[in-house]
Amino acid sequence: MAKLVISGPNKLEGEVLISGAKNSALAIIVAAAMAPEESVLINVPRNLDVFFMTKILEELGVKVWFDGDGLHVDGSTLSSHQVPYNLARRMRASFYVAGLLLARLGVAEVPLPGGCALGSRPVDYHIKGFQNLGAQISIEHGYMKAQAASLSGCKNYINRSSVGTTVNLMLAASTAEGTTILENPAKEPEVVDLAICLNSMGARIRGAGTDVIRIDGVKRLRGTEHTIIPDRIEAGTYALAAAITQGRVLLRNVVTDHLRAPLLKLEEAGAIISEGPNELEIAVPQRMQAVDLETAAYPGFPTDLQQPFMAMLTLAEGTSVIRETIFDRFRFVDELRRMGADLKVERDTAIVRGVSGLTGAPVEATDLRAGAALVLAGMAAEGTTEVGGVEMIDRGYERLEEKLRALGAKISREGDEKDPEELARELDYLCP
Ligand code: UD1
């Protein structure tokens, strides 16, 4: 398997173009298949998760193809309601097709995602929501089997502002009869992006990004052209790469408003941040300072940036306390310890005592954001770091090493050089 080899320490300088948001794209590619017509999606990142989602849709009969800047999705040929286990098990977001299939075909057979490297990952909130919309659900042999002659608008309270549940119910309810109310929905920018896309297809969704979403069901949706928002997690990762290497990086194609919590924490830790229209510069002239943080649903501090932030704090001056409230995302701390980090974990809390230096080591990316965190640590460490499990990183970062190299990082990919399709055939994972 491939690995990323980093020769540190590096100091990142220059500018980087941020790709389209993975989590937005995953939901919107499925949304595009809600119309029995062709849609074109612009700014779709070319990463493994997106690739898997396109494969799942193809299995269902949907036509999906890249052409220049656009990903074309033609839902007119959607014919199958059965999602194959070998594809769905690789990615939790595959469960989004349940909303699509219920809305379009009135029947869905979708494998339950099960657990993953981030711990137990139930879909009980999704299932409850589908039942509220009138679907009959049974769990058989690891599959959710759902059926509904028609879906009817309803009131739902979404526990823990779940992103996936909000997405799935927005899909299913957009063509249900009557009005659906989602109370306590996720307010993530990706949910707002999905609502904008669905509305451009003829849906009537109001309140995305607020505490209540109201969906007035329409008879059918039509094709659209939609541009995916910039990836705030990728942007945050490059901001943290600048911070951990005490560099200066200009991020282009960013929505700074989507990054408020991480940027405030970066400033608190000593970064100098300047904002321009759709761009952001992070300069770190001296050693970062320890800060405490707690992950929360948007607009709180994103769990997806917790691990890269932790990597940065291992080198900050003082002791930081990190509380992870969403997922079990501390499993990778042993890898950081192997590089010399001083970390202690008790249940959902990590105590990070800043050290004066990290040393390069062979480490393993156990999940997507852990992989990014280890690459960051490797760029700041003295000597050679080899990050194994690169396919985890490829799930959510488009051309990571190429972008980092353009910023001055000494990073290369070694081992099997595979294109995403080849990699996809070999991979076996499941994560958010
Ligand atoms: C999405 C993102 C992921 C991000 C996460 C939180 C995508 C593809 N993935 O994941 O990158 O880290 O939001 O911002 O967009 N839960 C249940 N039952 C359910 C659903 C969720 O108990 O039916 C729990 C989860 O275990 C978790 C919390 O609710 O503790 C929030 O999860 P959720 O927002 O649903 O995350 P995902 O949509 O899976």
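Which residue has a polar side-chain atom 2.6 Å from an oxygen atom of the ligand? I looked this up first, keeping in mind that the model is predicted. The residue is Ser162, with a polar atom of its side chain at that distance from the ligand oxygen.

**Entry: other polar contacts.** I moved on to Val163, where a polar backbone atom lies 2.7 Å from an oxygen atom of the ligand. For Asp124 I found an N or O atom of the side chain 2.6 Å from a nitrogen atom of the ligand. I then checked how much of the ligand is covered: on its own it has 750 Å² of accessible area, and the protein covers 92% of that.

**Entry: the shell.** I listed 21 residues around the ligand, and Asp124, Ser162, Val163, Asp304 and Ile326 come nearest. Sorting the shell by residue type, I got nine nonpolar, seven charged and five polar residues.

**Entry: helices.** Which helix supplies the largest share of the shell? I found that helix 5 does, with three residues. Helix 5 spans 124–132 and helix 6 spans 163–173, and each of the two gives the shell at least two residues. I noted that Asp124 sits at the start of the range of helix 5 and Val163 at the start of the range of helix 6.

**Entry: pocket and domains.** I looked at the pockets next, and the largest one is the space that the ligand takes. Why does the ligand lie between domain 1 and domain 2? I traced this to the shell: domain 1 (3–19 + 230–418) and domain 2 (22–227) both contribute residues to it, so the ligand lies between them.

Terms used
Residues numbered from 1 in each chain as written. Predicted model: local features only at pLDDT ≥ 70, side-chain atom pairs only at ≥ 80, totals over all residues. Heavy atoms only, no water. Near = heavy atom within 4 Å. Polar contact = N/O pair within 3.5 Å; in protein donor to acceptor, adjacent residues only side chain to side chain. Areas by Shrake-Rupley, 256 points an atom, 1.4 Å probe, with all protein chains shown as cover. 1 Å grid on protein atoms, 1.4 Å probe; cavity = no way out; pocket = protein on both sides within 12 Å on 5 of 7 lines; lining within 4 Å. Sits in = over half its atoms within 2 Å of the grid points. Helix = DSSP H or I, 4+ residues; strand = E, 2+ residues; numbered from the N terminus. Nonpolar A, V, L, I, M, F, W, Y, C, P; charged D, E, K, R; others polar. Domains from an automatic or database assignment.
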